[in-house]
Amino acid sequence: MFARRRIALLVLAAVAAVSSLASAQFRRGFGERNGPVRMAPAIMPDSDFTVCRIMYTSVRREASGNGWRTDYPYGEINFMTRLSQLTKTRISRNAAREPQQWVVRLTDDTLFNCPYVVASDVGTMGLSDIEARRLRLYLEKGGFLWVDDFWGTAAWAQWSREIGKALPPSEFPIEDVSLNDPIFSTQVNVTRIPQITNIQFWRGVDGTTTRERGSDSPESSFRAIRDKRDGRIMVVMTFNTDVADSWEREGEDPAYFAQFSPDGYALGVDVLLYAMTH
Amino acid sequence: MPLFDTLFQALFTYRPVVFQEGEFRLDLSASTIAAAVVAGVVMTAAVVTYRGVRITGRLRDRIVLTVLRMAVVAVVLFCLFRPTLIVRAAVPQQNVVAVLLDDSRSMQVPDWGGQPRANFIREQFGAATSPVVKALSERFLVRTFRFSSTATRAEAKDSLTFNGSQTRLAPSLESARNELAGLPVSGVVLVSDGADTSDVSLTDALLGLKAQKLPVFTVGVGSAKPARDIQIDRVSTPKAVLKDAALMLNIVVTHTGYAGKTVTVDVEDEGRIVGSQQVQLPGENTPVTVRVRAVATDAGPRVFKFRVTPQPDEAVTQNNVREALIEVRDRKEKILYFEGEPRFEMKFLRRAVADDKNLQVVALQRTADNKFLRIDVDNPDELLGGFPKTRDELFAYRALVLGSVEAGAFTGDQLQMIADFVDRRGGSLLMLGGARSFGEGGYGGTPVADALPLLIDPATRASEPKGLARLQVSPTRAGEGHAVTQVAGTEAASAARWRQLPQVTAVNAPLPLKPGATVLLNGTDEGGRTQTVLAWQQYGRGKAVALTLQDTWQWQMNAAISLEDQTHENFWRQMMRWLVDGVPGVVEVHTTERVEPGEPVTVEADVVDPSFVELNDAAVIAHVIAPGGATVNVPMAWTGDRDGQYRGTFVSTDAGAYEVTVDASRGGTQLGSGTTFLRAGPSDAEYFDATMHDAPLRRIAEETGGRFYTPDTVAGLAEDVRYAGRGVTSVEERELWNMPIVLIGLMGLVCAEWGYRRAVGLA
């Protein structure tokens with residue numbers, strides 16, 4: 001198992017090294033983060049894989065958080081790129097062969113064109129009643145949601161309260177997912193849930209700790225809500241970790257890449273393959 | 001006696017049979033020859049006299065008068081020769097006549113002047129004083145038989161029950177012939193409606209009768225024209241289905257006299273209505289096919305009934321119901337779904353059929369080069385190395401779904417194996433649309449392309465898709481009535497539902513259809529162009545299906561689709577069930593669906609090895625569980641007729657359902673088993689097509705030298721049998737000169753001559 005994982009990590013590292021010069025990995029910055037938002041079109045340009053990010057309203061602030069925009073858009077751009085390299089997945093590309101990712105609101109019909117959606121910094125998320133109903137409908141129809149990058153007790157409380165509006169815990173309890181679950185072995189055998197910090201924090205502490213909230217974020221968690229109909233995981237929560245930053249920032253610092261990106265991509269690929277089969 | 005027979009006998013003294021059977025003779029004695037010479041002289045003189053008459057000079061008159069005079073002389077001359085018929089007539093009370101009376105249920109049909117056919121038999125053959133029996137008894141020793149499936153002696157007339165569940169003409173004639181062996185028999189009288197319900201050919205029985213020169217006189221009872229009646233003519237049902245299968249049942253209804261009337265066709269599963277459809281009956285004698293959707297929810301051998309509500313004035317109501325035994329199997333059928341790339345189609349397809357307890361979709365997804373994700377495998381070794389590399393491994397599945405996976409992902413042998421999976425194993429292949437499917441997947445020129453219903457140019461090489469078509473899908477006429485594409489309760493609702501579904505996409509270049517393939521769904525793109533979306537064809541023993549779409553998950557996820565909508569689930573469940581439907585196993589058991597209690601049952605089994613090569617050296621045994629629970633083991637032997645075919649026979653002792661399980665082994669290794677069911681019970685076939693069938697009765701009569709009668713003509717039957725010339729006979733002469741027709745003819749000619757003379761002024 002360890003040998004397989006090591007091979008996978010080496011593959012990831014090799015791929016990253018080869019493509020580290022790829023311009024797409026480095027065209028980022030504060031300005032672009034606040035650039036135009038690519039709202040999902042009414043009709044998707046193709047049926048290839050794409051990532052849709054949920055645009056939501058933040059009702060509170062988290063340190064170093066940026067609300068729904070956190071890790072947008074390069075988290076998904078880089079992830080899609082790597083996904084197409086590491087797997088046979090055909091990703092949606094524009095005419096310039098660049099990955100196409102989209103943003104959707106929970107109230108948009110376009111949400112239902114994206115069987116896979118992500119959200120970051122969900123410790124600030126506030127859901128209206130209509131948004132909660134739409135999210136539940138989306139998930140029960142077969143949609144898959146991965147929320148990431150929220151840290152500490154307060155963020156968890158906020159998120160768990162909001163998701164509880166859509167999926168009441170009495171019906172849809174949140175569970176910690178065992179590492180024996182099939183979601184951790186769809187392509188790479190994931191043996192631990194990496195605690196990944198954002199690159200600024202990592203630089204700030206010189207890589208000495210990965211607890212962005214100190215003792216309030218002692219370790220990362222992989223939690224989930226299952227479909228009561230068939231037991232499939234339909235909501236994945238990577239808590240006290242910022243997996244998407246290991247994708248978004250993979251090209252900014254080789255040390256950061258080496259420490260976080262192989263694990264981040266391994267987890268990302270496994271979760272995505274699970275979402276596409278379950 | 002009908003007018004013709006009465007008139008004939010009045011004019012010719014004798015019945016037609018005397019003329020048919022008799023030998024014509026003239027008395028050529030010296031005196032008659034002398035008389036002929038005199039007559040010749042008279043005729044010559046007459047000619048000469050007429051030639052000499054020159055008063056009027058009209059040649060035509062002379063010719064007419066000459067001919068008439070000649071005719072008069074000729075008739076007289078004919079009588080002088082003493083024309084005689086020599087006939088062989090049965091010696092009274094020296095010969096046997098067998099009377100076979102139809103004792104089957106169809107004789108209860110009330111179409112003999114509004115009375116049951118049986119009443120004719122009771123009236124004409126029911127007692128010693130009955131007219132026909134009396135006439136026969138005066139001439140013959142009469143042996144009466146009643147028959148339905150076979151003929152048995154009717155010791156007492158009240159032994160007729162008219163409740164036999166079959167009419168088997170040929171075996172009944174054979175039985176009677178054997179009973180009469182060695183006796184002087186003048187003929188056989190067969191009284192029946194001619195509605196033979198057996199599949200035994202008449203030819204052999206007729207050969208035996210002809211060899212013995214035994215004439216059969218047939219009496220057709222009943223009306224050849226159907227009365228007002230509605231009938232379930234036939235029903236197409238599968239022999240076995242999976243539990244919870246949605247069945248599209250084709251029920252053919254025929255009728256007489258109810259054109260334009262709307263009736264309801266119900267499908268019952270052991271008394272519970274599981275499907276219903278109204279239909280307006282078309283014009284007279286035009287069959288109408290009614291498609292009824294029903295679900296087989298209960299496992300086991302189930303008797304399905306197909307029923308049209310009886311009308312108040314129907315002649316026969318028993319034919320408003322038909323039955324069929326369907327084995328509803330509660331087992332898991334394994335399907336291998338190989339997807340060449342991660343995509344959402346796999347997730348939603350698996351999810352659509354997840355609740356179906358009778359389907360096991362084993363998913364094999366190539367996630368990366370030489371990396372495979374296996375889901376729902378039975379054991380850790382299953383598909384460990386990816387797509388099966390041996391026939392044994394692949395043929396363990398009943399159906400194979402190929403997603404977006406290119407031909408290059410397989411070895412040449414694997415491609416051939418896939419084609420063999422369909423052709424030889426009898427499995428089903430479904431290829432889905434995608435960037436790596438069909439022509440874009442490089443399947444042109446491969447054995448898989450041979451199997452597919454769409455034609456891929458062999459010169460096509462694998463390539464990236466060149467476009468994307470957004471398609472609105474709609475069923476074809478064939479698709480409207482197909483079990484796979486029925487996405488609503490009725491055909492109309494289903495067609496309407498298809499039109500409401502959101503667009504889906506296809507990236508493969510449209511391909512032409514192969515001859516013999518059937519299109520179930522078409523797609524129309526935004527430019528109005530139509531292309532095939534779902535098509536299938538039979539390929540060898542199995543079926544190959546092409547679904548060119550790549551994202552049917554839109555029918556589940558699209559915002560326009562409600563959470564409760566089951567269209568996507570139904571489509572895929574029906575598709576998967578259709579794929580595994582009828583796919584043979586290692587041991588396939590066949591037998592008749594129904595037998596009469598006490599009849600022997602022949603069980604046949606086709607036995608193959610795991611790679612579906614027929615085996616002739618297997619140990620095969622059938623375990624028969626009778627209705628009472630008793631088990632009989634029936635050894636089965638290779639037939640020698642066909643590779644892998646075994647046969648055994650047992651007798652159905654009791655009425656009820658029999659379960660037949662056939663086990664096959666070879667060299668001590670179990671190969672597999674198969675099960676089927678059959679019923680022992682009376683058939684209701686007698687009430688179907690219950691008009692009088694005169695064709696077989698006429699054929700029997702004509703080929704054996706007998707005659708066909710109706711109730712109106714039966715009075716002369718005894719006399720006709722007498723002159724049939726069979727049995728102990730004596731030669732009798734029948735003078736013809738004194739027939740009334742001769743005198744009438746003579747008088748007519750004389751009167752004609754006199755009248756003509758008057759008319760032309762020669763009198």
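Visitor: What makes the charged end of A:R223 count as sitting over the ring of A:W156?
Guide: The charged end of A:R223 is 4.4 Å from the centre of the A:W156 ring. A charge sits over a ring if NZ of Lys or CZ of Arg is within 6 Å of the ring centre and within 35 degrees of the ring normal. The distance of 4.4 Å therefore satisfies the 6 Å limit. B:R228 has its charged end over the ring of B:Y258, 4.3 Å from the centre.

Visitor: What kind of model is this, and how are its parts counted?
Guide: It is a predicted model, in which local features need pLDDT of at least 70, side-chain atom pairs count only at pLDDT 80 or more, and totals for chains, interfaces and linings use all residues, while side-chain values use heavy atoms, without hydrogens or water. Residues are numbered from 1 along each chain as its sequence is written, and chains are lettered from A and ligands numbered from 1 in the order in which they are written.

Visitor: Why is the contact of A:K88 and B:D369 called a salt bridge?
Guide: The N to O distance is 2.7 Å. The rule asks for a side-chain nitrogen of Lys or Arg within 4 Å of a carboxyl oxygen of Asp or Glu. The A:K88 and B:D369 pair meets it, so the name applies.

Visitor: Where do A:K88 and B:D369 lie?
Guide: This pair crosses between chains. A:K88 is in the loop between α3 (74-86) and β3 (102-105) of chain A, and B:D369 is in the loop between β17 (359-368) and β18 (371-375) of chain B. Helices (H or I, at least four residues) and strands (E, at least two) are DSSP runs, numbered from the N terminus.

Visitor: Is A:K88 buried or exposed, and is B:D369 buried or exposed?
Guide: Buried means under 20% relative accessible area, exposed over 50%, partly exposed in between (1.4 Å probe, protein chains only). A:K88 has 17%, so A:K88 is buried. B:D369 has 55%, so B:D369 is exposed.

Visitor: How do you know that B:E753 and B:R69 form a salt bridge?
Guide: Their closest N and O atoms are 2.4 Å apart. That is within the limit, so the pair counts. It links helix α19 (residues 740-760), with B:E753, to helix α4 (residues 59-80), with B:R69, 684 residues apart. B:E753 is buried at 6%. B:R69 is partly exposed at 31%.

Visitor: What makes B:K305 and B:E323 a salt bridge?
Guide: N to O is 3.7 Å. The rule is therefore met. B:K305 in strand β14 (residues 300-308) and B:E323 in strand β15 (residues 321-329) are 18 residues apart.

Visitor: How many salt bridges are there over all chains?
Guide: The count is 78. One network links B:K134, B:E138, B:R139, B:E719, B:R722, B:E732 and B:R734.

Visitor: How many aromatic pairs does the structure hold?
Guide: There are 37 over all chains. One of them is B:Y14 with B:F19, at 6.4 Å centre to centre and 50° between the planes.

Visitor: Why is the B:Y14 and B:F19 pair called tilted?
Guide: Rings of Phe, Tyr and Trp (its six-membered ring) pair if their centres lie within 6.5 Å; planes under 30 degrees apart count as stacked, over 60 as edge-to-face and the rest as tilted. The plane angle is 50°, so the pair is tilted. B:Y14 is buried at 14%. B:F19 is partly exposed at 28%.
Guide: B:F338 and B:F410 are edge-to-face, with 5.7 Å between centres and 75° between the planes. B:F338 is in strand β16 (residues 333-339) and B:F410 in the loop between β19 (399-402) and α11 (412-423), so the pair ties together parts 72 residues apart in sequence. Both B:F338 and B:F410 are buried.
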